[in-house]
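This report goes through a structure for a reader who has not seen it before. Please look at the sequence and the model first, then read on.

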Amino acid sequence: MSAEPQQSREGQELPQHGQEKPSTEFSSSLTQRSRPSRKPTHLRTPTIEELLSAVVDAVEQPSTTPTSVSPLNRKHQQCLIEMEARRDAVVRYATTTWDPLEFARVLWQQFKLALSTHMIRCWIVIYTGLYLICWYYPFIAFLVFICLRHYITVFDRLGSEGTWVRLKQSDTPHYVLIVCGSGGHTGEMIRMMDSGIAPHEGIYHRRYAIAYGDQMSYDKVIGFERTLGDRFERENVSAGTFDIEYFHRGRRVHQSWATTPFTALACLADVFRILTTAPSHVGRSVTEFRFPGVIVTDGPGSGFLFLLAAHWLKMWFMVPDDFMKTVFVESWARVNSISLTGKLIDKFYLADVFIAQYKNLSRRGPYSYADNMVVMPPHPNMAV
């Protein structure tokens, strides 16, 4: 008699499944087993879509928390954190083509740099004396000086073939400036650097020049530096330091040639700023890291402006002769002809080393042949 009400009460809990009424012992044990699973109602297992979304977010927005690295690569890790914190700067000024205040500030910096050179101060005195004699004498002297200095700089560059990478005996460190271009230019540069950088080499500092709005080049550079840091960390070798500077594009794709001089002028202002501004976060003073030792570009139009600005600075004795050595590597995609950037650089002799990656191109001009530096060999054998 007492068992029937219990079965009826238990039957009220499970009336709709059409199953046989369980016994009292089985129902009570089922209730006890289900109670612990009902307590943490706020916890649930994430779905596969949520896990994939979290992975994508982690890739698109990498964490800036420093991982455990040795003191040897602590500065490189700090560089990664600082450059990733400036990610928004890539697109912030992408549509800005002219900033008069920034242009005036760069002109003032270049004027102060020129006045710090003894030769420039002497020329100012000479020009002033010529102007007192006749008003057009300074202009004639200026043209003569520009022509002479151009040819002297070119002859020094051509005469130093084969020894351009050797600096004078000095303890002054230098850094390498890599000019990145949109499209596949940055990808080619990263592949060449990946196959050319060896752990046993003395790496000081790398500066990347990227155009505003070029998010692809920024991501490639950050990914390369992160991979390089991990590789050198495993080999217990210093990966050096790096930074990223930005410039306005000299000419956009399909841009009218009528407006190109204005955008090129804005680009030149950024180029001079990048060339004469020392890295500020590598623990060295401005006088020690003042100028880049080597400038490397592989085909973008902005690379011509970088090499032209370096040539101008050396003409006016604003840069020592053993700094700002220029290297132009023709794009891997140029099989039968030289690009417009390469033709301009070759015409004005702006490169200390001009590298072609195909034999038929090296036969058409005084270009150094270096095999295929993008795909093979692992360590390029450059015939300079």
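## Glu 225 and Arg 206

In this predicted model, Glu 225 is buried because its relative accessibility is 0%, under the 20% limit that defines buried. Glu 225 forms a salt bridge with Arg 206, and the closest N and O atoms of the two are 2.9 Å apart. The pair links distant parts of the chain: Glu 225 belongs to helix α10, Arg 206 belongs to strand β2 (residues 205-211), and 19 residues separate them in sequence. Arg 206 is also buried, because its relative accessible area is 3%.

## Other salt bridges

How many salt bridges does a search of the whole structure find? The search gives seven. One of them joins the side chains of Glu 84 and Arg 226, with a distance of 2.3 Å from N to O. This pair, too, links distant parts of the chain, with Glu 84 in helix α4 (residues 74-85), Arg 226 in helix α10 (residues 215-234), and their positions 142 residues apart. Is Glu 84 buried or exposed? Glu 84 is buried, because its relative accessible area is 9%. Arg 226 counts as partly exposed, because its relative accessibility is 31%, and the partly exposed class lies between 20% and 50%.

A further salt bridge is formed by the side chains of Asp 352 and Arg 157, at 3.4 Å from N to O. Asp 352 sits in the loop between α13 and β6, while Arg 157 is in helix α8, so that the pair links parts of the chain 195 residues apart. Both Asp 352 and Arg 157 are buried. There is also a network: Glu 245, Asp 270 and Arg 273 are joined by salt bridges that share partners.

## Strand β5 and its neighbours

Strand β5 covers residues 325-329, and five of its five residues are buried. Which residues lie on each face of β5? Lys 325, Val 327 and Val 329 are on one side, Thr 326 and Phe 328 are on the other, and all are buried, so both faces are covered.

β5 is joined to strand β4 (residues 294-297) by four bridges, and the two strands run parallel. Phe 328 in β5 is the bridge partner of Thr 297. Between β4 and β5 the chain passes through helix α12 (residues 301-315), in a β-α-β crossover that is right-handed. β5 is also joined to strand β6 (residues 353-356), in this case by three bridges, and these strands run parallel. Phe 328 stands opposite Phe 354 in β6. Together with helix α13 (residues 340-347), β5 and β6 make a right-handed β-α-β unit.

## A nonpolar surface patch

What makes up the nonpolar surface patch of about 1200 Å²? Its residues are Tyr 131, Leu 132, Ile 133, Trp 135, Tyr 136, Tyr 137, Phe 139, Ile 140, Val 144, Leu 148 and Ile 152. Two elements, α7 (118-133) and α8 (137-159), each give two or more residues to this patch. α8 gives the most, with six residues.

Val 144, one of the patch residues, lies in helix α8. Val 144 counts as partly exposed because its relative accessibility is 45%. Patch residues need over 30% relative accessible area, so the 45% of Val 144 satisfies that cut-off.

## Gln 109 and Thr 277

Gln 109 has its place in helix α6 (residues 100-115). Gln 109 counts as partly exposed because its relative accessibility is 26%. How far apart are the C-alpha atoms of Gln 109 and Thr 277? They are separated by 9.5 Å, while the two residues are 168 residues apart along the chain.

## The chain as a whole

The secondary structure of the chain comes to 14 helices and seven strands. Of the 384 residues in the chain, 41% are buried. The chain exposes about 22600 Å², and carbon and sulfur atoms supply 60% of that area.

Contacts can also be sorted by separation in sequence. Among contacts between residues at least 6 apart in sequence, 73% join residues at least 24 apart.

Technical notes
Residues numbered from 1 in each chain as written. Predicted model: local features only at pLDDT ≥ 70, side-chain atom pairs only at ≥ 80, totals over all residues. Heavy atoms only, no water. Patch = residues over 30% accessible without salt bridge, like charges linked within 9 Å, V, L, I, M, F, W, Y side chains within 5 Å. Areas by Shrake-Rupley, 256 points an atom, 1.4 Å probe, with all protein chains shown as cover. Salt bridge = Lys/Arg side-chain N within 4 Å of Asp/Glu carboxyl O. Buried < 20%, exposed > 50% of the residue type's maximum accessible area, 1.4 Å probe, protein only. Pairing = 2+ DSSP bridges. Right-handed = clockwise from strand over helix to strand, strands pointing away. Contact = heavy atoms within 4.5 Å.
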